Structures are given as C-alpha cells and as structure tokens.
Amino acid sequence: LRLEALLRRAIEKNEIYLHYQPQVDIATRQLIGVEALVRWHNPELGQVAPVRFIPVAEDTGFISQLGQWVLAEACRQMICWDTAGLRVPKMAVNLSVRQFERGSIAPMVASVLQEAGLEAQRLQLEVTESVIMNTGDALGYVNDLRAVGVGLAIDDFGTGYSSLAYLSQLPVQTLKIDRSFIQDISTDANDEAIAVAIIQLGKSLNLSVVAEGVENEEQAAFLLRHGCRHAQGYLYSRPVAPDDLLAQWGQGH
Ligand code: G
Ligand code: G
Ligand code: MN
Ligand code: NA
C-alpha cells in the first residue's frame, strides 16, 4: 500500500526515468535500436526494481498512466538524440497486458508519436505471448497498432504458449528470444535446440529475430552461426542513461 502511494506520485515528482539498452547487429556491432527500460528512484526507498513496481502498477491500474509516460518520454528522447547527431534507428518500448484492458491504445500511441514528431516506423512495441493469448480482442488491438504504423515484437519468446498457427496471423515483425535460452546456449542441448528452432521459425515466417541476454562472445558466435543477426545484452551494453548512450554511440565514439 505504501509502495502504491509513493508510486502514484512518482511521475509528478520526477522520480521515474528511462534507461536504454542497445540492440546491435552481431556481425558489424552497429546500433540497430534501443529498448527503453523504466527506472524508479525514490528518496525514501532508494532504487526500486521494475520487477517490484510494475506488478503494483498493473494491479492498481496505474500502468496506463505509467505506460503512456514511458512511451512519450522514449519518443521525445529519440528526437533529442536526432538533434544531438545520434540517429537511433528504432526505439522498443514494453507494453503490459493491463494496458490493453480498457480497449485499444492505438489512438494514444498515435497522438504520442505526433506530439513528439517521431515517425511511427521508428517505434516498436514489445508484447509478451501472454498479452496476446490473455486479451480478448488481442488480434484486433494489435492490428489497430499496426495500422498506426508502429512495429511489433514478441518479447520473451519461447516462454509462453502461443500456437504457431496464431503467430502466423499476427502482424508482428520481430521475435525476441528469451534470455533464459541464451544463457546456457553452448552447454545445454535443450536450450540450444530451442534457440535454433526460434531462429528457424523467424526465417520461415520472415520475422527478424533478436537474441536477449547475450553476455559473451561464445553466445554471439553461436547465434551468428545459426543465422541470428541481432542481439541485446551485457556483452554490448547494460541499459544506460541517454547521455551515456550518446557518448558511447554518437559521432566519433
Ligand atoms: O531492467 P530490467 O530489470 O530492467 O527490467 C525488468 C522487467 O521490467 C523486464 O521484464 C521488462 O520487460 C520490464 N519493464 C521494464 N521497463 C518496462 C516498461 O516501461 N513497461 C513495462 N510494462 N515493463 C517494463
Ligand atoms: O523482459 P525484458 O526482456 O523486457 O527485460 C529485459 C531485462 O533483461 C531487463 O531487466 C534488463 O536489464 C535485463 N538484461 C538485459 N541484458 C541482460 C544480460 O545480458 N544479462 C542479464 N542477466 N540480464 C539482462
Ligand atoms: Mn522487453
Ligand atoms: Na525478455
């Protein structure tokens, strides 16, 4: 209850901010995009992890406000980097299942993009398989978002239970392989088989595949060998503040 009360005032008190984790082309190490990850620092509680406060936001309905704030801030940041001479090709933003409960969010997304002056194609929304499977009119909502022109990715892919038939109907462009499969990719035969199967599935359905949680060169080499070109993980960068992203990837870095 205390957490909820503090969280509800966190946006207006400027305690919420975003870090950004690069997504790279494994072979060239070029920046292909970033994922926005929300952070909360409260004077009393200190740093509060998203795994603690996102569920609270979801259970209290605050996620709608928080989600909209995150989206607007992420879009605004893209234009800031553009102005500073760093063109980040794509911004990925996580959506929660609860943001779909009150109907289509496509009009909100469209107005946030317009206000920021960001082209829809440069925004990618990440949804989990559970969002898609547990939301009544998910296919309609996802199609609405697609009509706005934003890209869609399935996050944590492989941990849910979406049927392949259903997947082929969804207007998504990207699968993100959950990091639990990447972790032991070169030592666990099952994880290896799952990762390879997801890469193949991506090829068959003509989707791009991003491996999450890549921490070492061995994992990166494995992915490249099996045809996965894009990755995100500590090997390349932790989630960082906007200025750090500029310093690391901007002109003359
Ligand atoms: O950075 P990490 O600890 O950063 O993130 C933990 C979890 O919180 C991840 O599963 C991530 O998807 C989720 N998360 C991070 N930022 C957001 C956000 O803006 N919205 C939602 N819904 N989830 C987020
Ligand atoms: O669930 P989602 O994929 O949206 O959230 C990404 C989460 O993974 C964040 O908490 C982020 O900090 C974390 N993360 C990103 N890269 C790595 C990595 O290489 N290793 C580990 N262990 N976690 C990572
Ligand atoms: Mn994600
Ligand atoms: Na994930």
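Student: What pLDDT does the protein average?
Tutor: This is a predicted model, in which local features need pLDDT of at least 70, side-chain atom pairs count only at pLDDT 80 or more, and totals for chains, interfaces and linings use all residues. Residues are numbered from 1 along each chain as its sequence is written, while chains are lettered from A and ligands numbered from 1 in the order in which they are written. The pLDDT is the predictor's confidence in each residue, from 0 to 100. Of the residues, 99% score at least 70, and the protein averages a pLDDT of 94.

Student: Which strand pairs with β4 over four bridges?
Tutor: Strands (E, at least two residues) and helices (H or I, at least four) are DSSP runs, numbered from the N terminus, and two strands pair if DSSP finds at least two bridges between them. Strand β2 (residues 31-42) runs parallel to β4 and is joined to β4 by three bridges, with A36 bridged to V93. On another strand, E126 is the bridge partner of N94. The strand that pairs with β4 in the parallel sense over four bridges is β5 (residues 123-128).

Student: Which residue points the same way from β4 as A92?
Tutor: Strand β4 covers residues 91-94, and all of these are buried, meaning that 20 or more other C-beta atoms, placed from the backbone, lie within 10 Å of the residue's own (12 or fewer for exposed, in between for partly exposed). M91 and V93 point one way, and A92 points the other way together with N94.

Student: Which helix joins β4 and β5 in a β-α-β unit, and what is the handedness of that unit?
Tutor: The helix is α4 (residues 106-116). A crossover is right-handed if, with the strands pointing away from the viewer, the path from the first strand over the helix to the second runs clockwise. The unit of β4, α4 and β5 is right-handed.

Student: Within what arc do the buried residues of α4 fall?
Tutor: The buried residues of α4 are V109, V112 and L113. They line one face of the helix because, seen down its axis, they fall within a limited arc, taken from the directions from the helix axis to the C-beta atoms. The face turned away from this buried side carries the exposed residues P107, Q114 and E115. The arc is 100°.

Student: Why is E129 classed as buried?
Tutor: E129 is found in helix α5 (residues 129-134). Its C-alpha lies 9.6 Å from that of V97, although the two are 32 residues apart in sequence. E129 is classed as buried because the other C-beta atoms within 10 Å number 20.

Student: How many charged residues are in the shell around ligand 1?
Tutor: A residue belongs to a shell if its C-beta atom, placed from the backbone, lies within 6 Å of the molecule. Around ligand 1 the residues include L37, A49, V70, N94 and P239, and α2 (50-60) supplies the largest share, three residues. Ala, Val, Leu, Ile, Met, Phe, Trp, Tyr, Cys and Pro count as nonpolar, Asp, Glu, Lys and Arg as charged, and the others, Gly among them, as polar. The shell has nine nonpolar and two polar residues, and the number of charged residues is zero: no charged residues.

Student: How many residues of the shell around ligand 2 are charged?
Tutor: Ligand 2 is surrounded by 13 residues, the closest being N94, G213, E215, G233 and Y234. Four are nonpolar and four polar, and the charged residues number five.
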